[in-house]
Amino acid sequence: MRGQATAIRLAAACLALAAGIAAVVIVVLLIQDAI
Amino acid sequence: MRFRRTAILGLAAVAVAVALPAAAFAHAALVRATPSASGLVNTPPRQVTLQFTEPVEPRFAIVSVTDANGDQKTAKAPRRSPADRNTLVVPLERLAHGWYLVYWRVISVDGHPVRGAFTFAVGPNPGPAPQFVIPSTSETAATPKLIAARWAALVSLMAAIGLFVLRIAVARPLVTRVAGSRLRRVTLAFGIASAVALVAIPVYFLLATSEFALRSFWDFGDVFPLVRASAFGRGWLDLELVFALFAGAAAIAIWLDRPERRARSVAALIALGGALAAAGATLLVPGTSGHPGQTAPRGLSLAFDWFHLASGSIWVGGLIGLLVLAASQPAAQRVAALVVCVPRFSNVALASVLVLIASGIGSAIKQLPTLATLWETSYGQTLLVKIGLLAAALLLAAVNLLRTTPRFRASDLRPELGPPAASLLRKLVGGEVLLVVGAVLGAAVLTSLAPPSKALASIGHANARVGPGRVDSVVQKNGYRLAFRVTPNRAAVPNSFEVGVTRNGRAVRGADVTVNFAMLDMSMGEQEYRLPERSPGRYGRAEPALVMVGHWGLEFRVAPRGGSPFTVVLVDKANG
């Protein structure tokens, strides 16, 4: 049960990290578009 | 010691007074027109071509070509030249001999409308130039509706990021240090600010797009496809997306954070990294789709803008969070909670304000062409109001830093200092929030204003400001006395421009005097005339040079015979 909770927490953390990376990629593309 | 700190803060307040955030001259400007401005062509042109400094979207462009009677002569809507993205082509009906007025309004990549006008003649005998009436259309992004929407989007976005930083970093130790204290209300405030931003951002870019394309806001079917047609729309659409990613990542980071444990878990650290990366990316978007993204060197401009926005967010979000924190704690824990949070936030706020000032000054040094732009244009005047509000907020912040924070620190040993300090803090922080939110409104106006004309930069410092009405003005320059007279100084009628040049009371004869007319309120072709000597030392001529109401830069270049030439600039306000 505890292992499951830890897995869910890690999955959520990875989701947040993926969101951060996606945001950075979008902005890099936006800057390239502006240039 | 206290004096030194006060002095440092005083200096900081003065520095704010010169902190200037955004570029003013990064907008679409007309570089070439065919037929040329004020030019005469012997063959009636089939089309008007307008070449700008950057790509412009034809669906947002208004171009009218009218004859002396005001009749429209365009045959079709403007389209982009297949050969050049920066050029618009407007097909014309067959033109008769005579004079024509071209009036244009385009949307710059940062979403600002820019307009201009010029005349040309079809000859060989076009006759005398008529007095054209400049068409009036809404060509400002500074309408109250747009400013309110932009302000709501900016303030909620900044508050959300600042509240997240306060919750996750500044106020976190509160839970372990003060038993019974809670951070739930700060989290709730972050959620509300995020929700407001997620609604306000699309409302703003849809409003702006509908206004620029002259369509109704409610006509979503027509307006939505146009959003991606402009760089401005694409930028704000990306802002919505990136901010949504931030809000999601931040919500996960807060959910995973266990403030009752001193050390953060690996999962919490990973989520925090994602949320901070998304926050950093979010803060880069407004600059990329605004002035800084168009101002060279782009990297430096974007860096200044990012630091300006990031420090402003931490300041304004942190202040709101502090108010929420004070109001949400049970009465018994309130002072203890503030004792933990206020000194920590003071340090962060001081650093933020210093970065805010430094990045503002950096932008100012790089971007403002003349200091006079500050008080001579509505752009500069808005900037002064914004600086005034920030300076007032900084004064309140200084009182907090020098009075309230030390009392909280001392309340460990003298508990009676705590409650009055908490009461003072709530009043001061409340005032500070109002002032900073007002300053963000100033920023919303500022970033919505049409830019001052490039002519302002090229004419340099004005020797005198004259008009409206008849001008009788004397300027001393290089030992010469110049008496200027403009009558009747009204737009769109022939005006007499005269300058009497004397030196040591004696008329200066045989000088070469030319005058250049530059419209300062919008981008127009400049005109230049030589002023013949009418009587000894008096040079003048009558011309309908002030073709529209507004501010004009009159640059008189005087070359005395045998003396060194010099220039006198008058900024003239001409009424109708």
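A residue counts as buried if 20 or more other C-beta atoms lie within 10 Å of its own, as exposed if 12 or fewer do, and as partly exposed in between, the C-beta atoms being placed from the backbone. The model is predicted, so that local features need pLDDT of at least 70 and side-chain atom pairs count only at pLDDT 80 or more, while totals for chains, interfaces and linings use all residues. Residues are numbered from 1 along each chain as its sequence is written, and chains are lettered from A and ligands numbered from 1 in the order in which they are written.

**Exercise 1. Describe chain A by its secondary structure, its extent and its burial.**

Step one: with helices (H or I, at least four residues) and strands (E, at least two) taken as DSSP runs numbered from the N terminus, chain A has one helix and zero strands.
Step two: along the principal axes, the C-alpha atoms of chain A fill a box of roughly 50 × 5 × 5 Å.
Step three: 26% of the 35 residues of chain A count as buried.

**Exercise 2. Determine which elements of chain B touch chain A, and how the residues on that side divide by class.**

Step one: taking two residues to be in contact if their C-beta atoms, placed from the backbone, lie within 7 Å, one finds 27 residues of chain B in contact with 20 residues of chain A.
Step two: the elements that give two or more residues to this side of chain B are helix H6 (231-256) and helix H7 (266-288) of chain B, and H7(B) gives the most, with 13 residues.
Step three: the side of chain B that touches chain A has 18 nonpolar, seven polar and two charged residues.

**Exercise 3. Find the residues that Ala271(B) touches, not counting those up to four places away in sequence.**

Step one: in chain A, Ala271(B) touches Ala12(A), Ala13(A), Ala16(A) and Leu17(A).
Step two: in chain B, Ala271(B) touches Ala249(B), Ile252(B), Ala253(B) and Leu256(B).

**Exercise 4. Work out the strand order of the open sheet of five strands in chain B and identify its edges.**

Step one: the order is E9-E20-E19-E14-E16 (chain B), with mixed pairing, where two strands pair if DSSP finds at least two bridges between them.
Step two: strand E9 (464-466) and strand E16 (527-531) of chain B are the edge strands, each pairing on one side only.
Step three: strand E19 (residues 550-559) and strand E20 (residues 566-574) of chain B pair in the antiparallel sense over nine bridges, and Phe556(B) has Val568(B) as its bridge partner in E20(B).

Methods. Ala, Val, Leu, Ile, Met, Phe, Trp, Tyr, Cys and Pro count as nonpolar, Asp, Glu, Lys and Arg as charged, and the others, Gly among them, as polar.
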